[in-house]
Amino acid sequence: MTERRNGITYAEAGVDIDAGTALVERIKPAAKRTQRSGVMVGLGGFGGLFDLKAAGYDDPVLVAATDGVGTKLRIAIDTGYVDGVGVDLVAMCVNDLVCQGAEPLFFLDYFATGKLDLDQATLIVEGIARGCEDTGCALIGGETAEMPGMYPAGDFDLAGFAVGAMERGMALPEGVAEGDALLGLASDGVHSNGYSLVRRIVEISGLGWDAPCPWGEGSLGAVLLQPTRLYVRPVLQAIAGGGVHALAHITGGGLTENVPRVLPEGLGAEIDLGAWELPGVFRWLAENGGLAEGELLKTFNAGIGMVVAVAPDEADRVADVLQEAGEHVHRIGHVVTGDGTVRYTGRLL
């Protein structure tokens, strides 16, 4: 008579359902802090419910955006500083939404890993909740995928999905014209684009992530992981006051590629590179990587994370609104007749 074998369990195959359940319980308080008008059902169900009427909309148009954090995650994983990438994830989505004139309403995240580390995952999701809370966006759901064999030990990936709304007829860009002023809102460092090049330049420099940062306080890895700035609340205030014709989130492609995305046919942009001081992180990257000015402007935000196109007679007032809301505002150029490209004057480096 043969001995009967015990059946294998899902946990023995590498997936711990109990750990996933424990994570949901851990993050419920963080998600609860993001609650806002309109939320009907949050975490725990098969889907999140949101009531647009309860959120104050009469004739809404929905706007959706999705994004990730890119290879900035590699630095977070290698250094163990994972608590800020959740903010990055939210910022990359909601900063795009507001460029359409939309108010972010709710957010969902996708977190995938080979083996769920409860402490690591909790830090990440708490960062996501912090980003949502800071922008008035409710965290109403998500997916945690434990997939053994798909990711090396300690690795993970993130994706975010945001939905916003505006009243019909309020979409941006709208009314962009020759002579409009271009206001540049300062960035908080590299944000979440260009990190494959960042990592290559750090490798060339010979510095480790724990080395003192050459241009700021703290370790190199920690400073490079400064989260993407959240522009939503100040920009929504500026839009509400009138005069804002367009917004460009300066992500991959830099000023060179993103400003033209909001310009109508027959118009271009002229930007004075001397209108703001290049932050130390970009100066260090340019010097250590031997970057040409054009390469830097097309890869990184170069210190400007959002560009606002404003009617010329409203530029000073809109700049004051943004500054009072906490933004550092630079008058960087204006809209000109052109072929949809950016013409630079002055020098950045």
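User: Where do Asp78 and Arg74 lie, and how far apart are they in the sequence?

Analyst: Both sit in helix 2, four residues apart, which is about one turn of the helix. A helix here is a DSSP run of H or I with at least four residues, and a strand is a run of E with at least two, each numbered from the N terminus. This is a predicted model, where local features need pLDDT of at least 70 and side-chain atom pairs count only at pLDDT 80 or more, while totals for chains, interfaces and linings use all residues. Residues are numbered from 1 along each chain as its sequence is written, and side-chain values use heavy atoms, leaving out hydrogens and water.

User: Why is the pair Asp78 and Arg74 called a salt bridge?

Analyst: The term asks for a side-chain nitrogen of Lys or Arg within 4 Å of a carboxyl oxygen of Asp or Glu. The closest N and O atoms of Asp78 and Arg74 are 3.0 Å apart, so the pair meets the rule.

User: What makes Asp78 partly exposed?

Analyst: Buried means under 20% relative accessible area, exposed over 50%, and partly exposed in between (1.4 Å probe, protein chains only). Asp78 has 44%, so it falls in the middle class. Arg74, at 27%, is also partly exposed.

User: And which class does Glu203 belong to?

Analyst: Glu203 is exposed, with a relative accessible area of 56%. Its salt-bridge partner is Arg200, with the closest N and O atoms 3.5 Å apart. Arg200 is partly exposed, at 44%.

User: What does the salt bridge between Lys72 and Asp88 tie together?

Analyst: The side chains of Lys72 and Asp88 meet at 3.0 Å, N to O. Lys72 lies in helix 2 (residues 72-79) and Asp88 in helix 3, so the bridge links parts that are 16 residues apart in sequence. Both Lys72 and Asp88 are buried.

User: How do you know that the length of helix 3 agrees with its number of residues?

Analyst: The expected span is 1.5 Å times one less than the number of residues. For the 15 residues of helix 3 that gives 21 Å, and its end C-alpha atoms are 22 Å apart, which agrees.

User: Why is helix 3 described as largely enclosed?

Analyst: Of its 15 residues, 14 are buried, so the rest of the structure largely encloses helix 3.

User: What makes strand 8 and strand 12 edge strands?

Analyst: The open sheet has six strands in the order 8-10-7-11-9-12, with mixed pairing. Strand 8 (244-249) and strand 12 (342-345) each have a single partner strand, so one side of each lacks a neighbour in the sheet. Two strands pair if DSSP finds at least two bridges between them.
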